[in-house]
Structures are given as C-alpha cells and as structure tokens.
Amino acid sequence: MTATTIDAPRIDRVARDPRRGILLMALGIALFSLLNAAVKWQSETFPINQIIFFRNAFALIPVLVMARRMGGLPALRTARPREQILLALVWTGVLVMMFGAYHIMPLADATAISFLQPIVVTLLSAPLAGDRVGWRDWGAVLVGIAGVLLMVDPTGRGSVFGAALAFSGMVLSAFSMIMQRRLSRTETSISVVVWTLGISAATMVPTLPFSWVMPSGPQLAGLVAMGLASGAFQYLTVRSLYHASAAAVSAVSYTKMIWAIVIGFVAFGDVPTPAVLLGTLVILASTVLAYGSGRRDAAAPDETR
C-alpha cells in the first residue's frame, strides 16, 4: 500500500487554508509557552527524562480521544512507518537538548539561539518539503529576527556545551517541522501526533529506573496536567502544518517572546523594558506579514491536494 491510498478521516478532507494554519500555530505557541514555564519549574525537582516521559505519555490521552472522534483506528494508520519513527526520534532529541540547554545556560541565551530556527526552516522547506518560499516568507523571518534582536540581550555567561545543546536542538527542531510538513500531505494529522508521542515516551522508559524521583501527590498531578496539555499543543502544531507551509508558520514562533513577557510579568514580576516592548511590536508585524503570505497561498492553487 502506498501513502496516497490512505483514506483520510473526515477532518483531513477539509480544504487546506494557510491562514488557518498560521492561527493554529499562534494558539499552539501560546500553550507551548505555558508548558515551558511548567517544565522550568519541574526541572528543579525531576530529571529531564522523567519530565519528557510524563509530557509525552499523558499527552496521548487527549490525542487518542480526538482520534476516536475522527474515525478511530483507521485515523492512526500509516503507510510511512519509517518516517514516523524517524520523526519521533528527532522530536525526542529536540526535547532532550533544549531542556538540557535551559538547565545549563541562562534562559535568554538559549532563547536567542532557538530563534535561528525560522531561517533554517525557510532554507530547507523548499528543497526538502517542496514548499514555495516567497518574499513574504523571507520578510516575515527577517522582521521577526529584528524584533528578537531588540528584545534579547544575551548574558555571555552560558557554557559552550549549553550553547551547543541549544544550537543542536534548534537544528533538529527545524528538521522536525519539515518532516511534519511532508508527512501531513499523506498521513492524517492525528496519526503523526500519536506515533510521535508514543515512540518518544517509549524511548524514555528504559532510562527511568536510573534517575526516577518519586513525586508527591500534587507534583504527580502537575506532571500529568503538563502531559495532557502537551497533547493539545502537539496536535495544534501538526494540524497547522497540514494547512500552511513550514516557512510560513515558523515566523509565528516569534510570538513566544510575547508570551514570555506576559508570563514573566504576571508570575515573576518582571517589568519589560522599552526595548522589549518595541521588539514585541516588531514581532507582531512579522506575524501579520506571515498571515499575509498565508492569504496569498490560500488564493493560489494547491497542488498537494
């Protein structure tokens, strides 16, 4: 059976809409920012492999509920298991490296490195995913980078090893976006999410006995809640790539800086500087430009349908 013979469930018969993809990614980034705050708090108590296990294993629960509503087991079928497994392993590597970088080096430094991802995605999306990368896509990336440079002032106190982890995680994350985009053209969105989460959680199981920290009742509830929310984020991300190109949605990732400002102010009392506020406006402009690119693509014929 070839990939093109898979019968998509009802939801994947919806016409592709790049604008919807960009909005879904923006919503996913908002949820992702809240999850990162939870991970940062939990990493003070639990090892990275245990956090990743809870994050992915319990994320399967809401995703499988959605799969049942979308057609049950047929929605999870895949004719490209090797690519699904490879994506899951790449995604696991992203989590290990980025969580490790946040633990070793200042958060501002790791965040600054992670914002190189849209450039990598834009460079690779045309040759690897067959996406059209236009001037609006490049413009959104460059405007977003300008906003980040206004906002981020790296401390210079990060270790070389931490920087290497952050850079490697950024590159792997870019590849994972391209791989999700390729798979979303023939596989159902829910299938990509279930395979990624399930395999990633399974890879952590053999490592748990070596570093397990017994959680208290409230801590266990927090770990489980993080996993449940992660399932929603994972689906939103893959679904956005069903509708829009990786280059278009990658620029929206800059909005995580806006959420970082809000969360930092509300939770930690961090007051943003004028430079940060100006950078926020520039990042919003990059997202608007990306949305305009999505509207252009929506008007153009979709050759992947």
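**Entry 1: R80 and its partner**

I began with R80, which counts as buried because its relative accessibility is 13%, and buried means under 20%. I note here that the model is a predicted one. I then looked for a charged partner and found that R80 forms a salt bridge with E83. The closest N and O atoms of R80 and E83 are 2.7 Å apart, and the rule for a salt bridge asks for a distance within 4 Å. I looked up E83 as well: its relative accessibility is 30%, so E83 counts as partly exposed. How many salt bridges does the count come to by this rule? I recorded 1 salt bridge.

**Entry 2: The chain as a whole**

I next turned to the elements of the protein chain. I listed 13 helices and 0 strands. Read from the N terminus on, the elements run α-α-α-α-α-α-α-α-α-α-α-α-α. I also looked up burial: of the 305 residues in the protein chain, buried residues make up 50%.

**Entry 3: Helices α3 and α9**

I chose one pair of helices for a closer look. Two packed helices are described by the angle between their axes and the distance between those axes. My pair was α3, residues 60–69, and α9, residues 189–204. Their axes come within 10 Å and cross at roughly 155 degrees. This makes α3 roughly antiparallel to α9, because angles over 145 degrees count as roughly antiparallel. I noted in addition that the crossing in which α3 passes α9 is left-handed.

**Entry 4: S200**

I stayed with helix α9 and looked up S200, which lies in it. Is S200 buried or exposed? I found a relative accessible area of 0%, so S200 is buried. I then compared sequence and space for S200 and N56. In sequence these two residues are 144 residues apart. From C-alpha to C-alpha, S200 and N56 are 6.8 Å apart in space.

**Entry 5: A nonpolar patch**

Lastly, I looked at the surface. Which residues make the nonpolar surface patch of about 390 Å²? I wrote down W259, V262, F265 and V266. I followed F265 further and placed F265 in helix α12, which covers residues 256–268. The relative accessibility of F265 is 48%, so F265 counts as partly exposed. The value of 48% fits the patch rule, which takes residues with over 30% relative accessible area.

Note on methods
Residues numbered from 1 in each chain as written. Predicted model: local features only at pLDDT ≥ 70, side-chain atom pairs only at ≥ 80, totals over all residues. Heavy atoms only, no water. Patch = residues over 30% accessible without salt bridge, like charges linked within 9 Å, V, L, I, M, F, W, Y side chains within 5 Å. Areas by Shrake-Rupley, 256 points an atom, 1.4 Å probe, with all protein chains shown as cover. Salt bridge = Lys/Arg side-chain N within 4 Å of Asp/Glu carboxyl O. Helix = DSSP H or I, 4+ residues; strand = E, 2+ residues; numbered from the N terminus. Buried < 20%, exposed > 50% of the residue type's maximum accessible area, 1.4 Å probe, protein only. Axes fitted to C-alpha atoms, helices over the stretch in contact; angles between N-to-C directions. Parallel < 35°, antiparallel > 145°, perpendicular 65-115°, else oblique. Left-handed = near helix turned anticlockwise from the far one by under 90°.
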